[in-house]
Amino acid sequence: LTHQLHHLNANVTVYARKDADRAMLRALGYRYISREELGRSLGRYPCIINTIPAAVLREEEMRYARPGCIKLELASGVWLPGDDVIVAHGLPGKYKPDAAGALIAKTIAYHLGGKL
């Protein structure tokens, strides 16, 4: 998903908890943030996408999200807190990651009024 969005000229930032993941992101030229930066930086992003089956963000951190922020849940289960989360389980990311990434990017662009 990061790769697809990045190649559509979207400004993408990834939360990465492992040093190896951060090194890979750095090598690929992607931005990333640490756990310490995560909550207080949410106001910068027009869209938050969860792709892992884990509660990374807590309810108290989500209050920092900007008004109108699109919250997209792609992992199995609902891990993002809030009533306005778009639940999109079952996207074919496992089977067609390029197509899934393109679909997600188009959905985000639509919700942002055509702007990434």
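I count two strands as paired if DSSP finds at least two bridges between them. With that settled, I looked up I48, and this residue stands opposite K71 in β4. I note that the model is predicted.

**Entry: strand pairing**

I started from β4. Strand β3, residues 47–50, pairs with β4 in the parallel sense, over four bridges. Then I checked the link to β5, residues 85–87. Three bridges join β4 to β5, and these two strands run parallel. I followed K71 across to β5 and found V85 as its bridge partner there. So much for the pairing partners of β4.

**Entry: faces of β4**

Are the two faces of β4 covered or uncovered? I found both covered. I70 and L72 lie on one side, and both are buried. K71 and E73 lie on the other side, and they are buried as well.

**Entry: nonpolar cores**

Next I listed the cores. The largest nonpolar core has 15 residues. I pulled out those with the most contacts inside it: L5, V12, L25, L72, L74, I104 and I108. I then asked which elements feed this core. β4 (70–73) and α5 (97–111) each supply at least two of its residues. The largest share comes from α5, with three residues. L72 therefore enters my notes twice, once for the core and once for its buried place on β4.

I also found a second, separate core. This one has twelve residues, including L38, L42, I48 and L57. I48 is the residue I had met opposite K71. For context, nonpolar side chains tend to be buried together in soluble globular proteins.

**Entry: order of elements**

I counted five helices and five strands in the protein. Reading along the sequence, I wrote down the pattern α-β-α-β-α-β-α-β-β-α.

**Entry: overall dimensions**

Does the radius of gyration agree or disagree with that of a compact globule? For 116 residues, such a globule would have a radius near 13 Å. I read 14 Å for the protein, which agrees. Along the principal axes, the C-alpha trace spans about 35 × 30 × 25 Å.

**Entry: burial, contacts and surface**

I took the burial total next. Of the 116 residues, 35% are buried. For contacts, I kept pairs with a separation of 6 or more; residues 24 or more positions apart account for 32% of these. Last, I looked at the surface. The protein exposes about 7,500 Å². Carbon and sulfur atoms supply 53% of that area.

Conventions. Residues numbered from 1 in each chain as written. Predicted model: local features only at pLDDT ≥ 70, side-chain atom pairs only at ≥ 80, totals over all residues. Heavy atoms only, no water. Core = buried A, V, L, I, M, F, W, Y, C linked by side-chain atoms within 4.5 Å. Buried < 20%, exposed > 50% of the residue type's maximum accessible area, 1.4 Å probe, protein only. Rg over C-alpha atoms; globule rule 2.2 N^0.38 Å. Contact = heavy atoms within 4.5 Å. Areas by Shrake-Rupley, 256 points an atom, 1.4 Å probe, with all protein chains shown as cover.
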